[in-house]
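Biologist: I am new to this structure and would like a close look at a single part of it. Could you take me through one residue and its surroundings, and then set that residue within the chain as a whole?

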Amino acid sequence: MEEFRNSTELALHEYKEGLGTFTQKMPDIASKYNAFTEACFKEGKLSKKEKHLIALGIGIYSQDEYCIIYHTKGCLDNGASEEEILEAVGVTAAFGGGAAMSQAVTLVQESITELNQLKN
């Protein structure tokens, strides 16, 4: 049995495992979905960092915990600072109110802390 260093690492593993199972059962849909999302997150007029910041805001607004964790990681992996992430969170909270802010002050900040711990 695999051991995970924290809840963020466990959530990322669960997401990848679920995606792998879906891909085995629905390879045609999964491959088209993966190609679509890869194209969407490809460097363009917007940087990958900016795209992950947008995706994080949408994940928070839609209360999708796996997307919140995944795109928090994407933001950090593409060079976003904690301040940039929290600024994007603030914009999301302006539209999403308390529900968005509650995800931000809990899950996003916990993910930032735990993802930074995994780097060490």
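**A close look at Thr 72**

Modeller: Before turning to the residue, a word on the surface of the protein chain in this predicted model: the accessible surface comes to about 7,700 Å², and 57% of that area belongs to carbon and sulfur atoms. Buried residues make up 32% of the 120 residues in the protein chain, and Thr 72, the residue I have chosen, is one that counts as buried, because its relative accessibility is 0% and the cut-off for buried is under 20%.

Thr 72 is found in helix α4, which covers residues 65-77. If its neighbours within four places in sequence are left aside, Thr 72 is in contact with Leu 56, Cys 67, Ile 85, Val 108, Ser 111, Ile 112 and Leu 115. For the chain as a whole, among contacts between residues at least 6 apart in sequence, 62% join residues at least 24 apart.

Helix α4 also holds one member of an aromatic pair, Tyr 70. The structure holds one such pair. The ring centres of Tyr 15 and Tyr 70 lie 5.5 Å apart and their planes meet at 45 degrees, so the pair is classed as tilted. This pair links distant parts of the chain, since Tyr 15 sits in helix α1 (residues 7-25) and Tyr 70 in helix α4, with their positions 55 residues apart in the numbering. Tyr 15 has a relative accessible area of 29% and is therefore partly exposed, and Tyr 70, at 38% relative accessibility, likewise counts as partly exposed, whereas Thr 72 in helix α4 is buried.

Stepping back to the whole, the protein chain has five helices and zero strands, and from the N terminus on its elements run α-α-α-α-α. The C-alpha atoms fill a box of roughly 40 × 40 × 30 Å, taken along the principal axes. The radius of gyration of the protein chain is 15 Å, which agrees with the value near 14 Å that a compact globule of 120 residues would have. As for charge, the protein chain carries 11 positive and 18 negative side chains, and the centres of these two sets lie 10 Å apart.

Note on methods:
Residues are numbered from 1 along each chain as its sequence is written. This is a predicted model: local features need pLDDT of at least 70, side-chain atom pairs count only at pLDDT 80 or more; totals for chains, interfaces and linings use all residues. Side-chain values use heavy atoms; hydrogens and water are left out. Helices (H or I, at least four residues) and strands (E, at least two) are DSSP runs, numbered from the N terminus. Buried means under 20% relative accessible area, exposed over 50%, partly exposed in between (1.4 Å probe, protein chains only). Contact means heavy atoms within 4.5 Å. The radius of gyration is taken over C-alpha atoms; the globule rule is 2.2 Å times the number of residues to the power 0.38. Accessible areas come from the Shrake-Rupley method with a 1.4 Å probe; for residues, only the protein chains shown count as cover. Lys and Arg count as positive and Asp and Glu as negative; His and the chain ends are not counted. The place of a charge is taken as NZ of Lys, CZ of Arg, CG of Asp or CD of Glu. Rings of Phe, Tyr and Trp (its six-membered ring) pair if their centres lie within 6.5 Å; planes under 30 degrees apart count as stacked, over 60 as edge-to-face and the rest as tilted.
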